[in-house]
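Me: Hello! I would like a close look at one helix packing contact, along with the loop that belongs to it. Could you begin with the chain as a whole and then work inwards?

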Amino acid sequence: MASIKGPAPAPTSFPGADKLRIGIVHARWNEECITPLVQGCVETITKAGVKPENIVIESVPGSWELPHGVSRLISGSQVQASSNVSDLMGATSLLDDNSKPSTPVAGSSSKPSKAALDAVIGIGVLIKGSTMHFEYISESCCSGLMRVGLDTGVPVILGVLTALTEDQALERSGVGRGANKGHNHGLDWGSAAVEMRLVAAGVMLVEERAYDAPELADESTHATYLHLSTRIRAEPVGSVPNGGADPIKVPSIGIEPRFSRVGALHCSLLRYPSHDWVTMSRVLYYLEDSRAFRVAWAMEELELDYELKHYRRIEGKRAEPTLKSESGNPLGKSPYLVDSEVKLGESAAQVKYLIQRYAPESSLLGPAEDWQKRGDVEAWISFSEGMMVHTLAAIYPRWFLDPASAAQVEAKMTPNIQNNLNALESALTGSDYLVGDSLTAADLMCVFSAEYTLYMDTGISSNAKNKQDWPNTLAWLKRCAQRPAYKRVLQKGATHKFTVTE
Ligand SMILES: N[C@@H](CCC(=O)N[C@@H](CS)C(=O)NCC(=O)O)C(=O)O
């Protein structure tokens, strides 16, 4: 009688797989089996649609080390996703002190993703010997991998063969010694990793149904909808038919305003470093040449998607009235951020909110537990919208008074303005950024204030000074302007004339 063992046919399409990043950690023991198993995984992962450059492969000595290796790879990728570390292994030093780059698989072409890993496969081959060693390692390794998956919430696939003989191990790796080469289980583990991530995100079932059941009339589809809507915490704004009963509410879907096809729902889902699935309705109301630049830059540093709504200044001063009516900000000021259910004014509050919500483990608000540095970041944030507003005290008279009176006010404000620039200059002595050697919210907030002060030339040339008198500050502004995230804001069409280039 034919064997009934083996999985039912796996799904054949994996919508959304092209956005995934999958890790493989393999043991080095029993290489003859390990190599084809890893290759099998890579084959089905890429076939499912994952980009080759988004498969990270690492090794550990043996199967005993797999749970630790998988756990470190997951946490390292999460750190990487919320920081500026460009190289995953550089962030984790997973296996030894010699940090090395993640292994790009053949066929890699574009830039690897820096997102947190979506699933990890732990691959090992255990072959029973004459002692109890095999039993202990098999048990510990399998339960260790299960624990990492449950503890982290990241699907961990058990890719461990526990064979009683060498032949069994070879056959399960698809390289049997006899005529029967067996079956390479790595093929199954690869597609299981992709499937588990998509199912865990509640997307796959929805996507499949989009093609099967466009009318959304059966109960299980509704259940999926409801499940999904609680996951993404979106406002219920639409409904689907429910066989004559009360229509079922479904979430706002941002891009596609109708719910006639379930597939539309997927279009609006984006994954953020926190592993949440949320609706794409993040809008920044951006007034030209304004503090809104801080918030757009912060979102770029955090690699968040957002829409910029542009507004002009009337005669270079006040915002056009549509900023108030369209944003809903009662003050009519920019920046104003609407992030799904959250509506926020004040650039400092917005920058802090974005970091706390989407990159809580980053050091953008200062390193965890370093209360001096965290306090310093806070102080600079307040400084940017407190002390630095002395600049505006010299600008408004230029707008509203005659030139002689404006010059008088500016002269009175000059000591304060220079005091502020001196404070920045001294913090930047021997340091690339305001707090420590990496970018923090202090820079995200204060760069605009300094750029604006230098550009508007308040209290500078009128007092026989030159911006070169603050060389550290100038170098810092240029350094920040060179950051890819800063440049991306400009590429998206944000008007910001204050960038220091020379
Ligand atoms: N403290 C607020 C200041 C907001 C503010 O005054 N924004 C200015 C642009 S930099 C604005 O909207 N001006 C337009 C107007 O006053 O009509 C923040 O940091 O967001």
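Reply: Happy to. Two residues count as in contact here if their C-beta atoms, placed from the backbone, lie within 7 Å. By that rule, among the contacts in the protein chain with a separation of 6 or more, 68% join residues 24 or more positions apart. Please keep in mind that this is a predicted model. The protein chain has 502 residues, of which 43% count as buried, and it contains 18 helices and 12 strands.

From there we can move to the interior. The largest nonpolar core holds 57 residues, and those with the most contacts inside it are Ala 296, Trp 380, Ala 441, Ala 442 and Cys 446. Helix H16 supplies the largest share of this core, with 10 residues. Ala 296 gives a sense of how the core is knitted together: beyond its neighbours within four places in sequence, it touches Leu 284, Tyr 286, Leu 308, Val 489 and Ala 494. There is also a second, separate core, this one of 49 residues, with Ile 24, Ala 27, Ala 48 and Leu 66 among them.

H16 is therefore a good place to zoom in, as 10 residues of the largest core come from this helix. In general, two packed helices are described by the angle between their axes and the distance between the axes. H16 spans residues 441-456 and packs against H17, residues 471-481, at an angle of about 120°, with the two axes 11 Å apart. The crossing of H16 past H17 is left-handed. On the H16 side, the contact is made by Asp 443, Val 447, Ala 450 and Glu 451, while H17 brings Thr 473, Leu 477 and Cys 480. Sorted by class, that makes four nonpolar, one polar and two charged residues.

Now for the loop between H16 and H17, where Asp 457 sits. Asp 457 is not a glycine, yet it has a positive phi of about 55°. Ala 464 is found in that loop too, and this non-glycine residue has a positive phi of about 60°. How exposed are the two? Asp 457 has 14 other C-beta atoms within 10 Å, so it is partly exposed. Ala 464 has 7 within that distance, and because the cut-off for exposed is 12 or fewer, Ala 464 counts as exposed.

Methods: Residues numbered from 1 in each chain as written. Predicted model: local features only at pLDDT ≥ 70, side-chain atom pairs only at ≥ 80, totals over all residues. Axes fitted to C-alpha atoms, helices over the stretch in contact; angles between N-to-C directions. Helix = DSSP H or I, 4+ residues; strand = E, 2+ residues; numbered from the N terminus. Left-handed = near helix turned anticlockwise from the far one by under 90°. Nonpolar A, V, L, I, M, F, W, Y, C, P; charged D, E, K, R; others polar. Core = buried A, V, L, I, M, F, W, Y, C linked by C-beta atoms within 7 Å. Buried ≥ 20, exposed ≤ 12 C-beta atoms within 10 Å, placed from the backbone.
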